[in-house]
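Trainee: Could you take me through the nonpolar core of this one, slowly and in one go?

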Amino acid sequence: MKKTRSPDSQADRSSETTLTPLGGRQVLFVMAADAEYGPHLKERFTPLISGVGPVEAAVELTAALAALAQRGRLPDLVVSLGSAGSRGLEQTEIYQATSVAYRDMDATPLGFAKGVTPFLDLPATLPLPLRIPGIAEASLSTGANIVSGSAYDAIDAEMVDMESYACLRACMRFAVPLVALRGISDGKAELHHVDDWTEYLHVIDEKLAAAVDRLGEALAAGRLVR
């Protein structure tokens, strides 16, 4: 008997992918979790909710882009947005990523530099060349672990998340540019409970919405620059 996959909260998201007209362009917004998608962002777009972590982000965004490509509807831009951790950046402020690295990758026993994926011919840190005028910039590290306390000592980036590198690799496969916007939700103190992450998400929601407005203005004016 043929087995059928029962639907769940993460199934068939690509069939529900919504592109948002913004500044004369078609934009696909990607977020990890509903907790980050507050009322201010809900007024502006419907995102692809990928799930948490690089595996879920890669699977869901790749599936969505493949489905869109099949219909000849690839977006002009993908925006990965949500929260991030940082020990040094201002909490609740918004930053656009200038580069992103994959901190999970470590093939150093085989002679590869840390962060370099073997045989992929890509550097450990990938640049994100597009810039939104008026939004602060920071480097970003993606990985499957929650970074807290002394774990920041091993991070060679100004902020950390769990999805943007995976989103970038999916976008590269389809030659679609990516912008990553992150609000700093935590990092100054040790994390002990999920509430330590969600405490300021309502503030970040409002500020990310303002950043999305800036993005729309930049797209309309042709000022999304490299």
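Mentor: Here is a walk through the core and what lies beside it. Keep in mind that this is a predicted model, where local features need pLDDT of at least 70, side-chain atom pairs count only at pLDDT 80 or more, and totals for chains, interfaces and linings use all residues. Residues are numbered from 1 along each chain as its sequence is written, and side-chain values use heavy atoms, with hydrogens and water left out.

A nonpolar core here is a set of buried Ala, Val, Leu, Ile, Met, Phe, Trp, Tyr and Cys residues joined through side-chain atoms within 4.5 Å; buried means under 20% relative accessible area, with a 1.4 Å probe and protein chains only. The largest such core has 31 residues, and Leu28, Leu61, Leu65, Val78 and Met159 have the most contacts inside it. Among the elements giving it two or more residues are β2 (25-31), α2 (54-70), β4 (77-85) and α3 (164-173). Those labels are DSSP runs numbered from the N terminus: helices are H or I with at least four residues, strands E with at least two. Helix α3 gives the most, six residues.

Now zoom in on Leu28. Skipping residues up to four places away in sequence, Leu28 touches, among others, Leu19, Leu48, Leu61, Leu65, Leu68 and Val78, where contact means heavy atoms within 4.5 Å. Another of its partners is Val79, and Val79 belongs to a second, separate core of 26 residues that also includes Leu41, Leu81 and Val212.

Technical notes
Buried means under 20% relative accessible area, exposed over 50%, partly exposed in between (1.4 Å probe, protein chains only).
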